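I opened the structure and kept notes in the order I looked things up. Confidence comes before the ligand, and the sheet comes last.

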Amino acid sequence: MTLLARHGDSARVVAGGTDLLVEYSKGRCRAPILVDVTRIPQLNRLDLTDGRLVIGAAVTHARLATSELLSRAAPLLSQAAWQIGSPQVRNRGTIGGSLGTASPSGDCLPPLAALDAEVEIAGPDGRRLLPLAQFMLGPKRTALREGDLIVAVRCLPLPPGAGSAYLKFGLRQGRSIAVASAAVIVGLSDGRVDLARIALGAVSPRIGRAEAAERSLLGQPAGVLAWAAAAQLAAESAVPISDVRGTAGYRRHLARVLVERRPGAGRGGGRAGRARRGASLHPRRGAGRASIAAGPAPPRRRDLCRERPLRPLARRREPVPAARAA
Ligand SMILES: Cc1cc2nc3c(=O)[nH]c(=O)nc-3n(C[C@H](O)[C@H](O)[C@H](O)COP(=O)(O)OP(=O)(O)OC[C@H]3O[C@@H](n4cnc5c(N)ncnc54)[C@H](O)[C@@H]3O)c2cc1C
């Protein structure tokens, strides 16, 4: 905090650097001083304190994806972290960095919105807690002020018996940025919906909750018809853009399809099977080569082995041609 206060706008906070270094390489950031926050113990906590989940800003996506605590208390956040980039990006990238970048396609953000998360910020005037909706102001715009540091994200764990899912549609299986995504939490009482939270990603400038869709579900029997109507309302609440990854119309269509694939619907049968089941991911031709994952996807042992901190590569020597060697 002292360093940030001393250097003002000449300093930037860096965590994993997976977004910030891209900004430097494109010449969008020229701050001469970087303040590395990854070794501050308070920013590395991941625990349940006084009934609330506290996730330090420097917790990596790899830790979110493999945390035993999160797999019980907020499995949709683990699922989202598991779908970020590649093992290298998950090992370096942090939840604080995702919040700092505030990209509408950031995978952790819809689950945090569905979990009603609050962002804890330390600044020159002390600490404050901001609801996520007030923290994220637009693409790459946040409520952070000069000298501010994101300390942690706080939210309540899922209530007992509630189901949840994070669903992402990307243009290929790995390292794909979401074209559309949805985080859904649902709870039932006597066969009727008594808890419904739906957050959409990559279909609006800000990650937002589909409140009309949530309201339409409350008190309804949890059947296909209620979900189809809610999915339609969710799609209507989106304000998508057209870009290289998809048109606005396609994104709106995806929002509807992803919400219709609520927790527990169309499970099993592997990724390809899931992508083909239920409503089509393509408006005309059916599911394409999309990657879509739903329901708890516990990391496989083989994958966990790859989630280790990177070691520097040993310098490779040029082979000496036989003639010169002689
Ligand atoms: C190849 C590649 C693939 C990717 N794929 C995905 C993907 O599939 N899904 C996805 O969501 N993202 C993806 N990303 C984006 C990126 O990995 C995430 O946004 C990541 O979480 C950023 O975290 P970081 O720790 O690296 O942030 P950094 O790059 O260190 O920082 C990002 C921003 O946040 C600020 N910041 C960081 N920590 C704090 C803090 N504690 N307080 C205040 N400000 C802070 C920094 O100043 C900077 O402005 C990808 C990136 C790459 C390079």
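**Confidence**

I checked the scores before anything else, since this is a predicted model. The average pLDDT of the protein is 85, and 81% of the residues score at least 70. I then looked for a weak stretch and found residues 266-316, where pLDDT stays under 50. For that stretch the model has 72 contacts beyond four places in sequence.

**Ligand**

Which residues come nearest to the ligand? I listed 30 residues around the ligand, and A15, G16, G85, G97 and G100 come nearest. Next I sorted the shell by class and got 13 nonpolar, 12 polar and 5 charged residues.

I also asked which elements each supply at least two residues of this shell. They are the strands β1 (11-14) and β9 (149-155), together with the helices α2 (20-25), α6 (87-92) and α7 (95-101). With 5 residues, α7 gives the most.

**Sheet**

I traced an open sheet of 5 strands, in the order β3-β4-β9-β5-β6. The pairing is antiparallel. At the edges I found β3 (46-49) and β6 (126-131), each of which pairs on one side only. Ignoring direction, neighbouring strands of this sheet are turned by 25° against each other on average.

β9 appears twice in my notes: this strand supplies residues to the ligand shell and has a place in the sheet between β4 and β5.

How many bridges join β5 to β6? I counted 6 between strand β5 (residues 118-123) and β6, which run antiparallel. In this pair, E118 stands opposite P131 in β6. A reminder for myself: strands of a sheet pair through backbone hydrogen bonds.

Technical notes. Residues numbered from 1 in each chain as written. Predicted model: local features only at pLDDT ≥ 70, side-chain atom pairs only at ≥ 80, totals over all residues. pLDDT = per-residue confidence, 0-100. Contact = placed C-beta atoms within 7 Å. Near = placed C-beta within 6 Å. Helix = DSSP H or I, 4+ residues; strand = E, 2+ residues; numbered from the N terminus. Nonpolar A, V, L, I, M, F, W, Y, C, P; charged D, E, K, R; others polar. Pairing = 2+ DSSP bridges. Axes fitted to C-alpha atoms, helices over the stretch in contact; angles between N-to-C directions.
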